[in-house]
Amino acid sequence: MAELRREPLIMAGQGWDGYRLLDCGHGRKFESFGDFRFIRPEPQAMWAPRMDHWDADGEFVPGADEDGGGRWSLTRTLPEDGWPVAWNDVTFTAQPTPFRHLQFFPDMAPVWDWMGAQLADRSDAETMNLFGYTGVGSLALSRYGRVTHVDASKKSVAQARENAALSGMEDRPIRWMVDDAAKFTAREVRRERRYDGIILDPPKFGRGPKNETWRIEEGLPQLVSDCAKLLDSDSRFLFLTVYAVRMSSLAIAGLLQEALAHLPGVVEHGDLAVEEQGDNGRLLPTAIFARWSNPG
Ligand SMILES: C[S@@+](CC[C@H](N)C(=O)[O-])C[C@H]1O[C@@H](n2cnc3c(N)ncnc32)[C@H](O)[C@@H]1O
């Protein structure tokens with residue numbers, strides 16, 4: 001029976017050449033994405049910034065409504081089709097989007113590393129990336145075997161395939177699925193499929209390709225339960241992140257523990273964070289996570 005470790009953990013990314021948290025404070029953060037620097041809103045950075053001045057190429061100015069909206073205000077011209085950023089052997093296109101991010105989530109880097117560590121001895125693993133967005137996680141996983149990438153957005157999946165080509169990984173065994181994550185997973189259960197590892201990074205609210213509604217509080221228990229049915233005692237991991245929702249990591253750890261009660265291994269939970277550059281860099285929390293691992 002999967003054992004729950006009660007003490008929370010921190011999975012903190014230190015940044016790399018392609019991405020750094022340069023400074024943060026007073027409700028904003030200053031980051032570099034390759035050669036370009038941006039300022040974005042960050043309500044959790046309540047402390048004071050350390051630098052006197054942020055010389056950015058652009059800033060995302062939020063709308064009056066705190067649940068979204070806003071626009072980019074650029075101080076310099078950016079490459080029209082974005083620019084390449086690398087993480088290990090994966091290269092992808094960074095570009096400001098109307099949703100205030102830049103086509104990838106740098107705080108996921110320690111998660112990509114952790115999943116790799118769970119599969120380090122494998123080259124034939126079967127993994128699934130639900131809500132896979134622009135595919136950086138799927139490309140990272142493809143080093144260990146076959147990957148099923150699922151996202152509702154045709155545009156995101158097209159971008160993920162472009163990122164595969166940019167990384168020289170277009171021949172990797174990745175199934176690119178434009179589908180509703182919950183429906184697709186339920187179908188995989190009916191097909192009696194199994195996976196060695198599953199990652200899910202669901203938004204608070206989303207829509208499937210046929211306008212199916214995804215609301216995390218309503219959909220997550222069934223989705224986690226279905227994911228658990230696709231894993232067995234030889235499987236290695238399940239990784240769940242949740243962000244922008246009022247929820248503790250203990251809650252999602254409890255959900256994983258219940259769903260994975262029939263399997264060995266451990267369930268851990270905590271915060272994902274990004275560490276500011278420099279000495280004594282502060283930790284900026286970005287999401288909560290719960291993860292199951294099973295060394296076998
Ligand atoms: C925050 S992103 C995931 C980020 C990604 N894991 C990464 O690290 O790059 C959320 C994604 O969920 C997708 N999405 C929203 N609702 C969905 C649904 N019902 N089924 C499948 N994907 C959905 C969106 O298209 C979006 O690409």
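Me: Ground rule up front: rings of Phe, Tyr and Trp (its six-membered ring) pair if their centres lie within 6.5 Å, with planes under 30 degrees apart counting as stacked, over 60 as edge-to-face and the rest as tilted. Which residues form one aromatic cluster?
Reply: Bear in mind that this is a predicted model: local features need pLDDT of at least 70, side-chain atom pairs count only at pLDDT 80 or more, and totals for chains, interfaces and linings use all residues. Residues are numbered from 1 along each chain as its sequence is written, and side-chain values use heavy atoms, with hydrogens and water left out. The members of the cluster are W16, Y19, F33, F36, F38, F60, W72, W83, F92 and F104.

Me: How many aromatic pairs does a search of the whole structure find?
Reply: A pair of rings is described by the distance of the centres and the angle of the planes. Scan the whole structure that way and the aromatic pairs come to 17.

Me: Take F30 and W54: is that pair stacked or edge-to-face, and how many residues apart are they?
Reply: Their planes sit at 15° with the centres 5.3 Å apart, so the pair is stacked. F30 belongs to strand β4 (residues 28–33), while W54 is in the loop between β5 (36–41) and β6 (58–62); helices (H or I, at least four residues) and strands (E, at least two) are DSSP runs numbered from the N terminus. This pair links distant parts of the chain, and the gap in residues is 24.

Me: What is the relative accessible area of W54?
Reply: Buried means under 20% relative accessible area, exposed over 50%, and partly exposed in between (1.4 Å probe, protein chains only). F30 counts as buried at 1%. W54 is buried too, because its value is 10%.

Me: And F38 with W83, how many residues apart are they?
Reply: Ring centres 5.9 Å apart and planes at 15° make this pair stacked. F38 is in strand β5 and W83 in strand β8 (residues 83–87), and both residues are buried. The separation in residues is 45.

Me: On to charges: which residue meets E126 in a salt bridge?
Reply: A salt bridge is a side-chain nitrogen of Lys or Arg within 4 Å of a carboxyl oxygen of Asp or Glu, and by this rule there are 26. E126 is buried at 13% relative accessibility. Its N to O distance to the partner is 3.5 Å, and the partner is R193.

Me: R194 bridges D196 at 3.0 Å; which residue sits 2.7 Å from R194 by the closest N and O atoms?
Reply: R194 is partly exposed at 32%, whereas D196 is buried at 2%. The 2.7 Å bridge ties R194, in the loop between α4 and β13, to a loop between α5 (216–229) and β16 (237–242), so parts 38 residues apart in sequence are joined. That other partner is D232.

Me: How much of the ligand does the protein bury?
Reply: Residues near the ligand (a heavy atom within 4 Å) number 18, with D151, D180, A181, D201 and Y243 the closest. Polar contacts (N or O atoms within 3.5 Å) include D151 to a ligand oxygen at 2.6 Å, plus D180 to a ligand nitrogen at 2.8 Å. Taken alone the ligand exposes 610 Å² (Shrake-Rupley, 1.4 Å probe), and the protein buries 91%.

Definitions and conventions. Polar contact = N/O pair within 3.5 Å; in protein donor to acceptor, adjacent residues only side chain to side chain.
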